[in-house]
Amino acid sequence: MAHPLQLGFQDAMSPIMEELLHFHDHTLMIVFMISAMVLYIIMLMMTTKLTYTNTMNAQEVEMIWTILPAIVLITIALPSLRVLYLMDEINNPHLTIKAIGHQWYWTYEYTDYDNLEFDSYMIPTQDLPNGYFRLLEVDHRMMMPMESPIRMLISAEDVLHSWAVPSLGVKTDAVPGRLNQTTFIVTRPGVFYGQCSEICGANHSFMPIVVESLPLQHFENWSTMSS
Amino acid sequence: MAGEGEPGSEKTFKLLGILDVQNIPCARESILYGSLGSLVVGLGHFLATSRVRRSFDFGMGGFVLTTLGCWIYCRYNHAKLRIQQRIIQEGMRNKILYESSDFDPERKQNSNRGSNS
């Protein structure tokens, strides 16, 4: 989860999020260089004593400031398109989970198993045990097996919501009357936090998402006990 | 940014408060090579022409070009390496899963060698 005053991304827990982090680093370096160059040029402009007020044409500099940005854009676009197509790759999910947004909680349905569905409400601050995360903990976490492709079908019962878990690189709108699909793989066991990401009323900030990934054996034990 | 965890749990040095040169792959090498390139180009131009302002301009340009060039080259190779690592991991996982079963590619290879000899 995020720590206080965090500016950057959370650690990546899925291959797609790793790719997104790498792409972000690549783009940030390019932006860093462009910013350094622009600041340097501004400093030069402010400290020069040379002035020339009769410029009629400047073919050479116009060529440079047309071609260079085009090259920069291509350098950013190629990795971007690569990540975009990676996100759309077809894999064979081992499990399908439905997440349905309500005001103001989530329902998770495991239709691959009989009668396995539950609601996930935020634990109010006054009921929170010591050491737990305020406004992030829920009574029933969404469990899933690690290192297995998971298909998430996301929808809503009432108004727009959005199912988002930053460390997995997932954010999908929950639209009433529509099923949105996303797939991901969690590479490590752990607990990952997210929050509803589409304004949905008074308690929009109080319907968090908690995903717990387990080794397959433990997940099967949990699903057996729960269904 | 890549690999950012709890503050203070691992050393991070953020250049100008933005760029974490210790944890981002290729960042440290790019900045160091860029600084070296900037020094070489700027100093070289000054020694050749004795023009201070223009030498600074060349130094700045050298910094940007060397850093970006080194960065793109290193990241491209890093990406190829990551893809290879992923293929190897997948192969190892499949080897364990399929060992001695009909899907085991080694079993097919051995049977082909047996039939050829």
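**Strand pairing, domains and a nonpolar patch in chain A**

In chain A, strand 5 and strand 8 (residues 180-184) pair in the antiparallel sense over 5 bridges, where pairing requires that DSSP finds at least two bridges between two strands, and where strands (E, at least two residues) and helices (H or I, at least four residues) are DSSP runs numbered from the N terminus. Within this pair, A:Arg151 stands opposite A:Thr183 of strand 8. The model is a predicted one, in which local features need pLDDT of at least 70 and side-chain atom pairs count only at pLDDT 80 or more, while totals for chains, interfaces and linings use all residues. Residues are numbered from 1 along each chain as its sequence is written, chains are lettered from A and ligands numbered from 1 in the order in which they are written, and side-chain values use heavy atoms, with hydrogens and water left out.

Strand 5 of chain A is also joined to strand 1 (residues 95-102) of chain A, by 7 bridges and in parallel, with A:Ala99 standing opposite A:Ile154 of strand 5. Strand 5 spans residues 150-156 and is mostly covered, 6 of its 7 residues being buried (under 20% relative accessible area, against over 50% for exposed and in between for partly exposed; 1.4 Å probe, protein chains only).

Chain A is divided into domain 1 (15-88) and domain 2 (95-226), with bounds from an automatic or database domain assignment; the centres of the two domains, taken over C-alpha atoms, are separated by 39 Å. A:Ile34, which lies in helix 1 (residues 15-47) of chain A, is partly exposed, with a relative accessible area of 34%.
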